[in-house]
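User: I am new to this structure and would like to go through it by question and answer. Please begin with one residue and work outward.

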Amino acid sequence: MVFYESRDEMLGQQRAKIDQIDTQLVKLFEERMKVVEEIIDIKIGLNMDILDSSRESKVIETAVSRLENPELASETREFFTELMSISRNYQAKIRQNKLN
């Protein structure tokens, strides 16, 4: 068991952990978005739509299936749904810039 001197110390240590995780998330997000850029280039070349609903559903359900804590299923669906929306919007922006 971990003992803390104060509430501020408790919060500070946990917030430092969150900061470290957020740093990793930012790096992974940038890496993911670089791949999204490559995907939109392929879609443009093949004249494909940005939205692929079946792929998005599969990505979301795969993420949920990887959870160690199934109580986070709803939050995981929400997180990946938003991530897919951000990716689609980014693809649309890239497509518009490349086609203009």
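User: What is the relative accessible area of E61, and is the residue buried, partly exposed or exposed?
Analyst: Buried means under 20% relative accessible area, exposed means over 50%, and partly exposed is in between, using a 1.4 Å probe and protein chains only. E61 falls in the middle class because its relative accessible area is 39%, and the class is therefore partly exposed.

User: What kind of model is this, and how are residues numbered?
Analyst: This is a predicted model in which local features need pLDDT of at least 70 and side-chain atom pairs count only at pLDDT 80 or more, while totals for chains, interfaces and linings use all residues. Side-chain values use heavy atoms, with hydrogens and water left out, and residues are numbered along each chain, as its sequence is written, from 1.

User: What pLDDT does the protein average?
Analyst: pLDDT is the predictor's confidence in each residue, on a scale from 0 to 100. Where pLDDT is low, the predicted coordinates should not be read in detail. Here 96% of the residues score at least 70, and the average for the protein is 94.

User: Which element has the highest mean pLDDT?
Analyst: Elements are DSSP runs numbered from the N terminus: helices are H or I with at least four residues, and strands are E with at least two. Helix α1, residues 7-45, has the lowest mean pLDDT among the elements, at 96. The highest, 98, belongs to residues 53-65, helix α2.

User: Which residue forms a salt bridge with R77?
Analyst: A salt bridge is a side-chain nitrogen of Lys or Arg within 4 Å of a carboxyl oxygen of Asp or Glu. R77 is partly exposed at 34% relative accessibility, and the closest N and O atoms of its pair are 3.1 Å apart. The partner of R77 is the residue we began with, E61.

User: Which helices hold R77 and E61?
Analyst: The two residues are 16 apart in sequence, and their pair links distant parts of the chain. R77 lies in helix α3 and E61 in helix α2.

User: How far apart in sequence are the parts tied together by R88 and E56?
Analyst: R88 forms a salt bridge with E56, with the closest N and O atoms 2.7 Å apart. R88 is in helix α3 and E56 in helix α2, so the parts that the pair ties together are separated in sequence by 32 residues.

User: Is E56 buried or exposed?
Analyst: Its partner R88 counts as partly exposed at 24% relative accessibility. E56 has 14% relative accessibility, so E56 counts as buried.

User: Which residue forms a salt bridge with K98?
Analyst: The closest N and O atoms of this pair are 2.7 Å apart. K98 is partly exposed, with a relative accessible area of 48%. The partner counts as partly exposed at 36% relative accessibility, and it is D41.

User: How far apart in sequence are the parts that K98 and D41 tie together?
Analyst: K98 is in helix α3 and D41 in helix α1, so the pair ties together two parts of the chain. Their separation in sequence is 57 residues.

User: What does the count of salt bridges come to?
Analyst: K98 with D41 is one of them, and R88 with E56 is another. By the rule above, the count comes to three.

User: What is the volume of the largest pocket?
Analyst: On a 1 Å grid over the protein atoms alone, a pocket is an open set of points with protein on both sides within 12 Å along at least five of seven lines, whereas in a cavity a 1.4 Å probe fits but cannot get out; lining residues have an atom within 4 Å of a point. Grid points are joined across faces, edges and corners, and volume is the space filled by probe spheres set on them. The largest pocket is lined by 22 residues, and its volume is about 500 Å³.

User: Which residues of the lining lie nearest the centre of the largest pocket?
Analyst: Helices α1, α2 and α3, the last spanning 73-99, each supply at least two residues of the lining. Nearest the centre are R32, I39, R55, V59 and M84.

User: Where does N47 lie?
Analyst: N47 counts as exposed at 70% relative accessibility. Its phi is near 55°, a positive value in a residue other than glycine. N47 is in the loop between α1 and α2.
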